[in-house]
Amino acid sequence: MYFRNILVPYDESEHAKSALHIALGLAGPYPEAKVHVMTVIPSSSLPDPTLMASSAFDTPYAIGDPETYERIMQSVADNARGDAQELIDQTRDDAQCQIVAEALIATSPVEGIADYVKSHDIDLVVMGRRGLGALRGMIGSVSFGVLRSVDVPVLTVK
């Protein structure tokens, strides 16, 4: 088997679900293979721990305790991981490969995916392509960024 570690970035889109089906088709029969279903949470979508008064919120707030902020971030990651695990449970069928759900916080989806590829010895990225970016209809901006950022094959799925 050529691909032992396959990454499927998951953003809850139908294209990402299709990518998981393709990845399981490639790795499913092989118990030694591993499919990583990973959600990237952009750090810009999380509250700023030093935010005192913002027009984005009705009530000014501050998270002065780093442990509280860490718990909030962990909770967000746990929820995303749980969503990915639900998809895995619905999709697994008779796949013999290992399937893991992951969630991480990064400055951008492209950076998070590229870092994950490097740190987890990924052989192949199978990802959905929505085509919502500048190259609409061809490939999405995240897919395009991943293609330029990793040194492994990237299979895009529509």
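Okay, let's start with one residue: is serine 43 buried, partly exposed or exposed? Serine 43 comes out as partly exposed, at a relative accessible area of 31%. Keep in mind through all of this that we're looking at a predicted model.

So where does serine 43 sit? You'll find serine 43 in the loop between β2 and α2. If you skip its neighbours within four places in sequence, serine 43 has contacts with Ile105, Ala106 and Thr107. There's also a distance worth pointing at here: from the C-alpha of serine 43 to the C-alpha of serine 108 is 7.4 Å, and those two serines are 65 residues apart along the chain.

Let me step back to the whole chain. We have four helices and five strands, and going along the sequence they come in the order β-α-β-α-β-α-β-α-β. The chain has 158 residues, and 37% of them are buried. On contacts, take the ones with a separation of 6 or more: 71% of those are between residues 24 or more positions apart. As for the surface, the chain exposes about 8,900 Å², with carbon and sulfur atoms supplying 51% of that.

Now, helix α3, which runs over residues 109-119. Which residues of α3 are buried? That list reads Val110, Gly112, Ile113, Ala114, Tyr116 and Val117. And what do they pack against? On the strand side we've got β1, β2, β3 (98-106) and β4 (124-128), and then there's one helix in the list, α4 (141-149). Just past the helix, have a look at aspartate 121: α3 is followed by this residue, and its phi is positive, near 55°.

That brings me to backbone angles. As a rule, most residues other than glycine have a negative phi. Here are two more residues that go the other way. Glutamate 12 isn't a glycine, and its phi is positive, near 70°; you'll see glutamate 12 in the loop between β1 and α1. Then there's aspartate 93, again not a glycine, with a positive phi of about 50°. Aspartate 93 belongs to the loop between α2 and β3, and that residue is exposed, with 65% relative accessible area.

Next topic, salt bridges. How many are there? The count is three.

The one I'd like to show you up front is arginine 4 with glutamate 32, at 3.7 Å from N to O. Arginine 4 is in the segment before β1 (5-9) and glutamate 32 is in the loop between α1 (14-27) and β2 (34-42), so this pair ties together parts of the chain that are 28 residues apart in sequence. Both ends are partly exposed: arginine 4 has a relative accessible area of 41%, and glutamate 32 has 42%.

The other two are each within a helix. In α1, lysine 17 and glutamate 14 are three residues apart, about one turn of the helix, and their side chains meet at 3.3 Å, N to O. Lysine 17 is partly exposed at 26%, while glutamate 14 is exposed at 55%. Over in α2, residues 66-91, it's aspartate 78 and arginine 81, also three residues apart and about one turn of the helix. Their N to O distance is 2.7 Å. Aspartate 78 is partly exposed at 36%, and arginine 81 is partly exposed too, at 25%.

Last stop, surface patches. There's a negative one made up of Glu12, Asp83, Glu86 and Asp89. Yes, glutamate 12 is back: this is the residue from the loop between β1 and α1, the one with phi near 70°.

And there's a nonpolar patch as well. Which residues form it? The members are Ile22, Leu26 and Leu155, and together they have about 220 Å² of accessible area. Isoleucine 22 is part of helix α1, and its relative accessible area of 38% makes it partly exposed.

So, if you're turning the model on your own screen, try going from serine 43 over to its contacts Ile105, Ala106 and Thr107, then on to α3 and its buried residues, including Ile113 and Tyr116. After that, swing round to the arginine 4 and glutamate 32 salt bridge. That's it from me.

Key:
Residues numbered from 1 in each chain as written. Predicted model: local features only at pLDDT ≥ 70, side-chain atom pairs only at ≥ 80, totals over all residues. Heavy atoms only, no water. Buried < 20%, exposed > 50% of the residue type's maximum accessible area, 1.4 Å probe, protein only. Contact = heavy atoms within 4.5 Å. Areas by Shrake-Rupley, 256 points an atom, 1.4 Å probe, with all protein chains shown as cover. Salt bridge = Lys/Arg side-chain N within 4 Å of Asp/Glu carboxyl O. Patch = residues over 30% accessible without salt bridge, like charges linked within 9 Å, V, L, I, M, F, W, Y side chains within 5 Å. Lys, Arg positive; Asp, Glu negative; His and termini not counted. Charge placed at Lys NZ, Arg CZ, Asp CG, Glu CD.
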